[in-house]
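Work through the exercises below with the sequence and the model side by side. Each task is followed by a stepwise solution.

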Amino acid sequence: MSTNSQNNPKGKIAEIMGFNLLRLVTLLTVLPILGLIVFIIIKGAPALSIEFLTTPPSNGMRDGGILPAIIGTLYLTLGTAIFSVPLGVAAGIYISEYAEDNRLTRLIRIAIINLAGIPSVVYGLFGLGLFVLFLKFGTSILSASLTLSIMTLPVIISTTEEALRSVPNSFRVVSTSLGASRWQTIWKIVLPQGLPGIITGIILGLERAAGETAPILFTGATFFLPQLPHSPLDATMALPYHIFVISTQIPGMPVKIQYGTVLVLLIFVLGMNLIATLIRSRARSKRQW
Amino acid sequence: MKKFSIQDLNVRYSDDNESLRKVSMEIDSNAITVLFGPAGGGKSTFLRVLNRLNDLADVKEMTGQVLFNGIDILDPKLDVIDLRRKIGMVFSRPVPLPLSIYENVAYGLMMAGERSKKKLDNAVESALRQAVLWDEVYDRLTSSAYAISGGQQQRICLARVLALEPEVIMLDEPTSALDPVSTSKIESLLTELKEKYTIILAPHNVQQAARMADYAAFFLMGELIEFSSGKDMFLKPIDKRTQDYITGRFG
Amino acid sequence: MRQEKRKSDIIISSVIKVCGYSSILFVGLILIFLLREGLPALKDVAFSTLFSVRWYPIEGYFGILPLILGTLLVTISATLIALPFGIGTALYMSEVAPRWIKEVLKPVVEILAGIPSVVLGFIGILVLVPFFRKFLDLPTGLTAFTGAILLGLISIPTIVSVAEDALNNVPPAYRQAGLALGATRWQTIWGVTLPAAKTGVLTAVMLGIGRSLGETMAVMMVTGNAPVLPTQIYALFRPVRTMTATIASEMGEVATGSQHYQVLFLIGILLFVFSLVINIVASAVSTRQRKRSERVLS
């Protein structure tokens, strides 16, 4: 490096300028994100109170709390988990442990890539067509959860596959050589070792589902609900949709409530993100192999 | 008594590397049969045919006949899991499963459906004693199998094979990752174990081959060049290539 | 008992296999239901109406051209905005940053990926829109440009993570060769590393485009939703309406099975096809690249 700077002073100057340019660009990318979050925390924190979190909206949303929206988002996240986690993890296991390198597997991969790329509002259309209308589940928590599940599936499948692939192959060979069947090897050795990665992927997938609005617009979300939903066939309020409603549909909406609601969703979503990050780094430091 | 009888075994991987060509040999019980030769000669492939571990690899073609106790083990209908319990294998690097010492040794039996705590305890102790490891680990059976030395780990790997009370033990360069002390421990262990088991060993150098062999087979580029008693092989090899290899002219 | 265990093994394995195939089933189902609801539009609505420039469903004008061009305008601008930041950040993270800064940056980028688009839309309405109206002296701050900035922000994490992966996959030997020839690290980045990661970076850009194309809430909230055909360059600073926003804002109010309903599904089919093409091309490019580099390295 030192010879470079002696032989090539112009190049060295260009390098310093170039590196600083990259630093600047990165800073300009990162700072708005952090600024945004700090801004929302500062603006939203005054709205947070026990009452805000535990009462329904009143006075045409302009007063009261956001309890039904919080509960609704919890229901939708849980519902999404019920469908997408078993299916997604099993599919990830299939691709990592069972699938051979053939045309069918390539087709499955293309399908997963496409599922990941389909616009969320198109999932909403699909959910409307299949779950709401064709299967007659109506605009309901069930329809919305199923729609979000299929949208979340590719995230869970790919992270499961990646987590399982990182488990050394020698474990599989040894386990097999000791007379374990393929499933025993997966269940006793591969899955436990891949588990932190799988859980991380599940949380990241559910995080995305919890924050989505477009897929639930016509499948399960409702403008206002004076009481909590009673069954999976009821429609529900949800935090993201509620934010959309109070920031575009209601004139004279108090800003404080708006920021408060946004902060609650952000805490929910970024909290999941934080948990996922912690699980991943903890598992990495505990790994023996 | 013949444990294995192999006729015209051909194996080819799907990347078209021909890995074994027309190998025929017989393997005696209660003896150490040594497979030696330069790397890539087909020893590992040969071992992985005998317990059908090759099923996990990309094998394109496998022909010939391998009789184990008179039964053809290349038969696709064969119960491979049962076969693998009878033919144990130790690998070149110690690979403890990410479990406790106890669970590592009991693993095979547990997978075979053994649930009795007492039977498992007994099997673990007896296997660890046979592997001369009991005195070193009896007080920390529940700690991770990664918490002990490499030499001890390799003997755990041997013990977990012994716990299944197999008929055959195959070892693929079991001492290549070990220091000389651990190596000689494993070697003397093998000499004792041959009273009870059929042992097939791919040693990691010619000296070890010469020390251990009751029978020896020289593999070169997928072919079995020479097969004889250990004495004949290392004192008066017949084939020119065997002579060259043993005397260190290549390899 | 042993026999029983094998049987359960076979059952579990078959269940897993079926789950593995499920993705194909879902893509198929999505396609079938979009076609089922959307294809009748081609029969019921005249072609000349569909490809006209007027979208005014209440009076039966279903011209989707303004929507397509609106999506195009916003997506392209967003990509142009996101590109320097995304690629620059990826270059900084993989080539310049010390390890600890990298460990800090990664979660920050992940946080950005995790912020729901409705939250960005909200901030857009409350902060960006009034700012642009005043600063650029526009009649309204609800413009294609406002949407493009938000979309750029949304597609940056995709671009950064895919491009960074591509850069990290360039073998260290390439860089060492560049440095050994007397090039500075900066010259090596431009002359060796970036060209070697070219296809991966291209994939990153394409996936970023896909991300912008499909984004709904943020665009819907800040672009003003006027279905005007953007023809002039200043259209960037006027309200515009995208395909996704049209579906999201109108589907709630149409009668099931009506022409309007069918056309909205038809727009959904178009979006599905666009994302399909982008993703298939992107993945084809990246697998070809991987195969080639594997051959080189083995």
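**Exercise 1. Follow the pairing from strand β4 of chain B to its partners.**

Step 1. Start with β4(B) and strand β5 (residues 71-72) of chain B: they pair in the antiparallel sense over two bridges. Strands here are DSSP runs (E) of at least two residues, helices are runs (H or I) of at least four, and both are numbered from the N terminus. Two strands pair if DSSP finds at least two bridges between them.

Step 2. Find the bridge partner: Phe68(B) is matched with Ile71(B) in β5(B).

Step 3. Inspect the turn. Two residues separate β4(B) and β5(B) in this hairpin, and Asn69(B) in the turn has a positive phi of about 55 degrees.

Step 4. Turn to the other partner. Strand β1 (residues 2-13) of chain B runs antiparallel to β4 (residues 59-68) of chain B, joined by eight bridges. Here Phe4(B) stands opposite Phe68(B).

The model is a predicted one, in which local features need pLDDT of at least 70, side-chain atom pairs count only at pLDDT 80 or more, and totals for chains, interfaces and linings use all residues. Residues are numbered from 1 along each chain as its sequence is written, while chains are lettered from A and ligands numbered from 1 in the order in which they are written.

**Exercise 2. Describe the hairpin of β9 and β10 in chain B.**

Step 1. Count the bridges: six join β9 (residues 215-220) of chain B to β10 (residues 223-229) of chain B, and the strands run antiparallel.

Step 2. Locate one pair. Phe219(B) has Leu224(B) in β10(B) as its bridge partner.

Step 3. Check the turn. Two residues lie between β9(B) and β10(B), and Met221(B) in the turn has a positive phi of about 50 degrees.

**Exercise 3. Is helix α1 of chain B enclosed or open?**

Step 1. Apply the burial test. A residue is buried if 20 or more other C-beta atoms lie within 10 Å of its own, exposed if 12 or fewer, and partly exposed in between, with C-beta atoms placed from the backbone.

Step 2. Take the count. Eight of the eight residues of α1 (residues 43-50) of chain B are buried, so the helix is largely enclosed by the rest of the structure. Among them are Lys43(B), Phe46(B) and Arg48(B).

Step 3. Look past the helix: Arg52(B) follows α1(B) and has a positive phi, near 55 degrees.

**Exercise 4. Compare each chain with the globule rule.**

Step 1. State the rule. The radius of gyration is taken over C-alpha atoms, and the rule is 2.2 Å times the number of residues to the power 0.38.

Step 2. Take chain B, with 10 helices and 10 strands. Its radius of gyration is 18 Å, close to the 18 Å that the rule gives for 251 residues, so chain B is as compact as a globular protein of that length. Its C-alpha trace spans about 55 × 45 × 35 Å along the principal axes. Buried residues account for 45% of the 251.

Step 3. Take chain A, with 12 helices and two strands. Its radius of gyration is 24 Å, well over the 19 Å that the rule gives for 289 residues, so chain A is more spread out than a compact globule. Its C-alpha trace spans about 70 × 65 × 35 Å along the principal axes. Of its 289 residues, 54% are buried.

**Exercise 5. Divide chain A into domains and examine their contacts.**

Step 1. Read the bounds, which come from an automatic or database domain assignment: domain 1 (2-47) and domain 2 (54-286) of chain A.

Step 2. Place them. Their C-alpha centres lie 33 Å apart.

Step 3. Count contacts (C-beta atoms, placed from the backbone, within 7 Å). Seven residues of domain 1 of chain A touch seven of domain 2 of chain A.

**Exercise 6. Which helix of chain A gives the largest share of the side that touches chain C?**

Step 1. Size the interface: 72 residues of chain A are in contact with 68 residues of chain C.

Step 2. Assign the share. Helix α2 (residues 9-44) of chain A supplies the largest, 16 residues.

Step 3. Zoom in on Ala214(A), in helix α10 (residues 214-217) of chain A. Ala214(A) counts as buried, with 31 C-beta neighbours inside 10 Å. Beyond four places in sequence, its contacts include Ser120(A), Thr216(C) and Ala248(C).

Terms used. Contact = placed C-beta atoms within 7 Å.
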